[in-house]
Amino acid sequence: MLFRSVGHEIRHGFVAYRYGDNTAKENGRLSINPIKHVDPLGTIVVPLMLFIVGAPFLFGWAKPVPVNIHTVVNNGGYNGAIAVSLAGVAYNLSLAIFSAVVIGFMGSGGEGVLGNFLLYFLLQLTIYNVVLGVFNLMPIPPLDGSQALSYIGLKLGSTAIARFFNKIEPYGMIILIVVLVTPLKMLFFVPVSFILSLLF
């Protein structure tokens with residue numbers, strides 16, 4: 001779980017760096033050292049609680065990588081800001097596709113204990129990267145989907161979407177919880193199931 005979350009955040013910082021923003025690099029957040037990316041709540045507490053209660057899957061997040069989006073926009077316009085916003089999701093979905101392809105080459109199982117472990121690892125890697133990618137695409141601030149939509153709106157000359165997300169951002173976590181614990185959760189699980197069906 002830490003692998004996919006850390007990679008997600010590093011990718012945000014790396015793409016921002018490509019657009020001239022050194023913030024993540026100067027803060028040591030382009031490092032693959034997981035300790036630099038640990039968020040006490042998202043990396044430790046939440047996954048541990050989910051494990052204790054026997055949740056069907058573990059979920060968590062790494063500490064967000066700092067990005068100076070103004071520098072990105074100055075150098076790459078709103079296209080650059082959109083690219084930074086979607087960089088983590090692109091990483092997760094690319095990793096899921098790669099894992100699924102490797103599973104396809106392996107067939108129904110590996111050879112021996114090591115082969116079976118590798119197959120299980122790749123299966124979990126595929127599932128959790130799809131889950132994390134789709135989760136972050138949800139248009140709820142501060143998730144990546146809301147940021148990307150805001151910059152798309154600004155690129156098209158409209159500030160309405162950005163103003164709307166700024167207005168509801170203080171309630172973003174509450175909105176997210178409501179979505180995930182009510183029938184609205186189908187807005188999350190349906191695309192996850194659809195993508196997994198395509199991969200497998």
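Let's start at P142, which is found in the loop between α5 and α6. Keep in mind that this is a predicted model.

What joins P141 and P142? A cis peptide bond, with omega at about 10°. For background, most peptide bonds are trans.

Stay with those two prolines. P141 and P142 both help line the second largest pocket. How much space lies in that pocket? About 200 Å³. Who else is in the lining? S146, Q147, S150, Y151 and L154 are there. So are A162, F165, N166 and E169.

Now sort that lining by type. The residues divide into 6 nonpolar, 4 polar and 1 charged. Which helices supply at least two residues each? α6, residues 144-155, and α7, residues 160-168. The biggest contributor is α6, which gives 5 residues to the lining.

That brings us to α6 and its packing. As a reminder, two packed helices are described by the angle between their axes and the distance between the axes. Take α4 first, residues 69-106. The axes of α4 and α6 come within 8 Å and cross at roughly 140°. Angles over 145 degrees would count as roughly antiparallel. The α4 and α6 pair is therefore oblique. The crossing of α4 past α6 is left-handed.

Which residues make that contact? On the α4 side, I69, Y78, N79, A81, I82, S85, L86 and V89. On the α6 side, D144, Q147, A148, Y151, I152, L154 and K155. By type, the contact of α4 with α6 has 10 nonpolar, 3 polar and 2 charged residues.

Look at Q147, Y151 and L154 in α6. These residues belong to the contact with α4, and they also line the second largest pocket.

Next, the other partner of α4. That is α5, residues 112-137. Here the packing angle is about 150°, and the axes are 8 Å apart. So α4 is roughly antiparallel to α5. Again α4 makes a left-handed crossing, this time past α5. How do the contact residues of α4 with α5 divide? Into 17 nonpolar and 7 polar, with no charged residues.

To wrap up, three things to find on the screen. One, the cis bond between P141 and P142. Two, the second largest pocket, with α6 giving the most to its lining. Three, α4, oblique to α6 and roughly antiparallel to α5.

Conventions
Residues are numbered from 1 along each chain as its sequence is written. This is a predicted model: local features need pLDDT of at least 70, side-chain atom pairs count only at pLDDT 80 or more; totals for chains, interfaces and linings use all residues. Side-chain values use heavy atoms; hydrogens and water are left out. On a 1 Å grid over the protein atoms alone, a cavity is a set of points where a 1.4 Å probe fits but cannot get out, and a pocket is an open set with protein on both sides within 12 Å along at least five of seven lines; lining residues have an atom within 4 Å of a point. Grid points are joined across faces, edges and corners, and a volume is the space filled by probe spheres set on the points. Helices (H or I, at least four residues) and strands (E, at least two) are DSSP runs, numbered from the N terminus. Ala, Val, Leu, Ile, Met, Phe, Trp, Tyr, Cys and Pro count as nonpolar, Asp, Glu, Lys and Arg as charged, and the others, Gly among them, as polar. Axes are lines fitted to C-alpha atoms, for helices over the stretch in contact, and angles run from 0 to 180 degrees between N-to-C directions. Angles under 35 degrees count as roughly parallel, over 145 as roughly antiparallel, 65 to 115 as roughly perpendicular and the rest as oblique. A crossing is left-handed if the near helix is turned anticlockwise from the far one by less than a right angle, and right-handed if clockwise. Contact means heavy atoms within 4.5 Å.
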